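Colleague: Could you walk me through how to read a model like this one? I would like to take it feature by feature.

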Amino acid sequence: MLLIDCPYCGPREEIEFSYGGEAHIERPKQPDKLSDAEWADYLFMRNNPKGPLAERWCHSYGCRRWFNVERHTVTHEIQRVYKMGEPRGGEEGT
Amino acid sequence: MKRQRYRLDVGARIDRGKTLRFSFNGKSYEGFDGDTLASALLANGVRLVGRSFKYHRPRGIFSAGMEEPNALVQLGSGAASEANLRATQVELFDGLEAASVNCWPSVDFDIWAINDRFSSMLPAGFYYKTFMWPKKFWHQYEKVIRRGAGLGTAPELPDQNIYDKRNQHCEVLVVGGGPAGISAALEAGRAGARVILVDEQAELGGALLGNGEHIESRSGVDWALAARTELDEMPEVHILTRTTAFGYYHHNYILMVERLSDHLGAPAGTLRQRLWKIRAHQVVLATGAIERPMVFADNDRPGIMLANAARTYVNRYGVRPGNRAVLYTNNDSAYHAAHDLAEAGVRVEAVIDVRPNPTGEGVEAIRQRGIKVLAYHALVGTVGVKRLRGIEVLALNEKGDGFSDGLQRLRCDLLCLSGGWNPTVHLFSQPGGKLNFDELKACFVPGETNEAVIVAGAANGVFSLQGCLAGGAAAGREAAAKTGLEDPGAPSLLPVIPAEEGPITPVWHLPPVSKGEMRFVDLHNDVTASDLELATREGYRSIELVKRYTTAGMGPDQGRTGNMHALAIVADTLGRSIPEVGTTTYRAPYTPVPYGAMAGRDVGALADPIRMTAIHGWHERSGAVFDDVSQWKRPWYYPRPGEDMNAAVKRECIAARTGVAILDASTLGKIEIHGPDSAKYLNRIYTNGWSKLAIGRCRYGLMLGEDGMVMDDGVTSRLGETHYFMTTTTGGAARVMAWMEDWLQCEWSDLKVYLTSVTEQWATLSISGPNARRVLSDLAEGVDLAPESFPHMAVREGKVAGINARIFRVSFTGELGFEVSVANSYGLALWQAFQRVGEKYDLTPIGIEALHVLRAEKGYIAVGHDTDGSVTPGDLGMDWLVSSKKDFLGRRSLARSDSIRPDRKQFVGLKLEARVPEGAQIVSELRRRPPMKMIGHVTSAYDSAALGKSIALALIERGHERMGETVAIPLTLEGRVVKAEIVSPVFYDPSGERLNV
Ligand SMILES: [Zn+2]
């Protein structure tokens, strides 16, 4: 049972949140230009690392805002919480 | 009534002035306040308390705590009955009734004990090997086996008690109220931390309650009492006794169950247990250790128990667990037990020690008392079946892996075992804490963890009292400091006087002396050393698989006393080290937790929220039968006297088709959409176009998931320049709202659009039928209802029955229809106004069953009914709703190869010979019996009054090409088949004339 630090409300119990899967998956700007495989990659394929993962959470039973969480999938340690639109940590941009 | 023959005259934590009467297996006994059921039974000389799970061997009390594998009892009867409680944990109360589980007809004469005679036929994996194959016979064996191997009986009546839940935060949670836990709580409390100290026993003290040890000049018990006094004076310290922390989840979230009235017999109506949900900044685990037994032939006879348990019965409960005792050990702690037993007047015959040269202080003390110590000896058998009468001992051979000649027999009625100690690491391990094997202490100790936790005392592999006190105090100070509190100054530590303890020499198993002997490892599940050896011979390598194959550690006791031996024997047999084999996974709960505590107050009417419309009371008074649609109660149909469901629904349908009907549609999901980019946004959310929708007009919209599958539908109206009003399905309302917010916040944050859920703010009544306009015109003010000024799919605002209303001219029945929405608090008033004016038109209230029949006659889909998340707009024949001029969610997926393959299931109507159940499978080639190729299934099926026959909607492979084809719907294995013709799903008024009147 995670304790998640909502960037708008502060730390709250996991049961107040809903999960939105991997973060930073941008919807293709021109879906028609994509092959079936490229579209399927956007639609279905997600990283499943053993380690840090940027993922989306929504404070459904609180402020109803979506935000990003960087969570270690093995230890469940939450390394970072940041707002939608902010770049992920480390070397990569959005 | 028998006297308590084995009770000591003085001492112990019982109140001899308070006699309690109880019964066990129908016989009456007496015990004292402070007893457990186990201690009271031992005080009365009751040795045989149960039968084992598989072989039904006689068993006695084996421990004094939660690790008890044998003494499982059924407590009470009727509604208050509870199964499989450990007698060692049941606090005695006056009037307690208990019975052994797993024996029939009685514990003394157990028919199933015949299993013991044929034990060679019941080896490890017996169920899998014998009974699971051939499969078709399993259900015949099962009944017999379940009766033979069953445990207690679950009560069949509703629980008569109340259960509670509480959430709590603290800075330092200390689990375990023994010397280490108390020390930790004292230090953290003195530092000013907000502390919760929790212990499963009725009073603080832990091991001090049973081991009779002293701290400085005081008894351990007095020290614990003084500590309790000091802790009680600290305003930020909260002590919970009779409370078990049973689950440790990530980020220091701990679940605990507090037993409030079990020790009083949990009288009906009382608050019995409370579930605590704790979020702790820091956790100190001072959960102690559990003693291990020794493994040898017939080590399960009544009269054999853990050495520490015997010591506890003497010191804490004032009970002699036997008259003549032998102890069998591989470490020093049994000698302390021998000492305490001797002090209590038990004749200690000998201590058998597998170590060649035991030398600790405790050993010397025993030798000085003149008690025989047989070093480098091992037990090879016991005498007695229902009661221990003696033991058989052999000296070990030179290598220590077998025996020398010269069997000795010793008489005894009590055999105390100590195979060393296992730190109670369960809670530590649950959230992923790693364990290290300590070779010197021969046990697993806590290692790395990601939680903010400190383990102290015996749980950390520190078994001396001084070590527990010092370790606990240090943990308390460290935990307080980590919460940011200042160090209170000089530590109030006690002088550490290390006791001289000799090292342990684990001897996990020795070879059998004779064939077929039973060396029990898991007493509860009757798993022997031979079973484990056999499992490894049969190729099992993983301890997790050995556990499941042999069932070692899978009983209600979770193998607390046997697991370490099991894994050591597996390691030894495989020639691998213990850490290489590793432990099985520790999972919550640590001890069983009643469902009542989990449910708390969320039972009966509070089990799930019930949503009711503003008009619910009227529906109830009018005899409506309700249907659950998600959490909503919706009128299903309104039977009149003498009507069954079919008759009522038929009448309601006829009213809507020929007169006028009224439906409570308040449960529809409703979302207000505001903002300059609303139309742009709707264009992306819906498949069809929204740019040209005029103010005052409504449009039906289809919503897809990004996978192209239909997700929801509904009518959205434009109320103003930048103001729209969306309706969703009843069940989809919350999901659609969340979906729309998600896209707006995460992908299209540049759009100026604002969403507000208003499902519960509006009551909506749907009037439909040829007379709908007449009824409405009697109540409406300021709205021109004439068809030319208020066409189908338009919205107007005005007053209805004097109430501000939004009137939508929409229809889900195929008849002329109006939906009138008013503020929810006016819903009932509006409904009643319609009842008044509707009388002359025979306005008929209809439920959702009639609505479903009517919409099915029109071929209107019900999302979630006719669709299941695998249906595209094309499959539904709704391509006309899919815009080719814009992008929208799911659009690209409609062009995926799977979405355009020609053999997809498509939405069609079925003309039927007879009614079929929804979900029925459809075949094109009928065969005498399965298997047959299924080409689709029925999604909706009704008797249509308007058409005078049964109709259905279905999804059928290439359905759109199959119009006019006859298919079969096999309904039973006996060959009942209904024939159907594939037709258009629009059965009624295909041109839609009736809507535009
Ligand atoms: Zn929030």
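Modeller: Let us begin with polar contacts: in this predicted model, 22 residue pairs, both at pLDDT 80 or more, are in polar contact between chain A and chain B.

Colleague: Which element gives the largest share of the side of chain A that touches chain B?

Modeller: Helix α1 of chain A, residues 36–44, does, with 5 residues. By class, that side of chain A has 13 nonpolar, 3 polar and 9 charged residues.

Colleague: How many residues does the contact take from each chain?

Modeller: Chain A gives 25 residues and chain B gives 27 residues. The area buried between the two chains is about 2,300 Å², and carbon and sulfur atoms give 45% of that area. On the chain A side, A:Met1, A:Arg27 and A:Arg64 supply 28% of what chain A buries against chain B, more than any other three residues.

Colleague: And the charged residues? How many salt bridges cross the interface of chain A and chain B?

Modeller: First the general idea: side chains of opposite charge can pair when their charged atoms come close. Here the rule, with its 4 Å cut-off from nitrogen to oxygen, finds 7 salt bridges across this interface. Over all chains the count comes to 60. One of the residues we just named, A:Arg27, meets B:Glu706 in a salt bridge, side chain to side chain, at 2.4 Å from N to O.

Colleague: Which residue meets A:Glu13 in a salt bridge?

Modeller: That is B:Arg279, again with 2.4 Å from N to O. A:Glu13 lies in strand β2 (residues 10–13) of chain A and B:Arg279 in strand β15 (residues 271–285) of chain B, so this pair joins two chains.

Colleague: Now the fold of chain A. What pattern does chain A follow along the sequence?

Modeller: Read along the sequence, it is β-β-β-α-β-β-β, that is, 1 helix and 6 strands. The C-alpha atoms of chain A fill a box of roughly 40 × 30 × 25 Å along the principal axes.

Colleague: In what order do the strands of the open sheet in chain A stand?

Modeller: Look at the pairing rather than the sequence. The sheet has 4 strands, in the order β3-β4-β5-β6, with antiparallel pairing. β3 (18–22) and β6 (78–83) of chain A are the edge strands, each pairing on one side only. From one strand to the next, the twist averages 30°. For a pair to inspect, take β3(A) and β4(A), residues 52–58, which pair over 3 bridges in the antiparallel sense. There, A:Glu22 stands opposite A:Glu55 of β4(A).

Colleague: Which helix of chain B lies across β4 and β5 of chain A?

Modeller: Helix α21 of chain B, residues 733–746, does, running at about 85° to β5(A).

Colleague: What order do the strands of the 5-stranded open sheet in chain B take?

Modeller: The order is β35-β36-β37-β34-β38, and the pairing is antiparallel. β35 (698–704) and β38 (754–757) of chain B each have a single partner strand, so one side of each is left without a neighbour in the sheet. Neighbouring strands are turned by 25° against each other on average, direction ignored. Within this part of chain B, β34(B) (669–674) and β37(B) (723–728) pair over 6 bridges in the antiparallel sense, and B:Gly669 has B:Thr728 as its bridge partner.

Colleague: Which strands does α21(B) touch in packing on the sheet of chain B?

Modeller: α21(B) touches β34, β35, β36, β37 and β38 of chain B, and its direction makes about 165° with that of β38(B). Helix α20 of chain B (678–685) also lies across β34, β35, β36, β37 and β38 of chain B, running at about 25° to β37(B).

Terms used: Residues are numbered from 1 along each chain as its sequence is written. Chains are lettered from A and ligands numbered from 1 in the order in which they are written. This is a predicted model: local features need pLDDT of at least 70, side-chain atom pairs count only at pLDDT 80 or more; totals for chains, interfaces and linings use all residues. Side-chain values use heavy atoms; hydrogens and water are left out. Contact means heavy atoms within 4.5 Å. Buried area is the accessible area (1.4 Å probe) that two parts lose on being put together, summed over both. A polar contact is a pair of N or O atoms within 3.5 Å; within protein, one must be able to donate a hydrogen and the other to accept it, and residues adjacent in sequence count only if both atoms are side-chain atoms. Ala, Val, Leu, Ile, Met, Phe, Trp, Tyr, Cys and Pro count as nonpolar, Asp, Glu, Lys and Arg as charged, and the others, Gly among them, as polar. Two strands pair if DSSP finds at least two bridges between them. Axes are lines fitted to C-alpha atoms, for helices over the stretch in contact, and angles run from 0 to 180 degrees between N-to-C directions.
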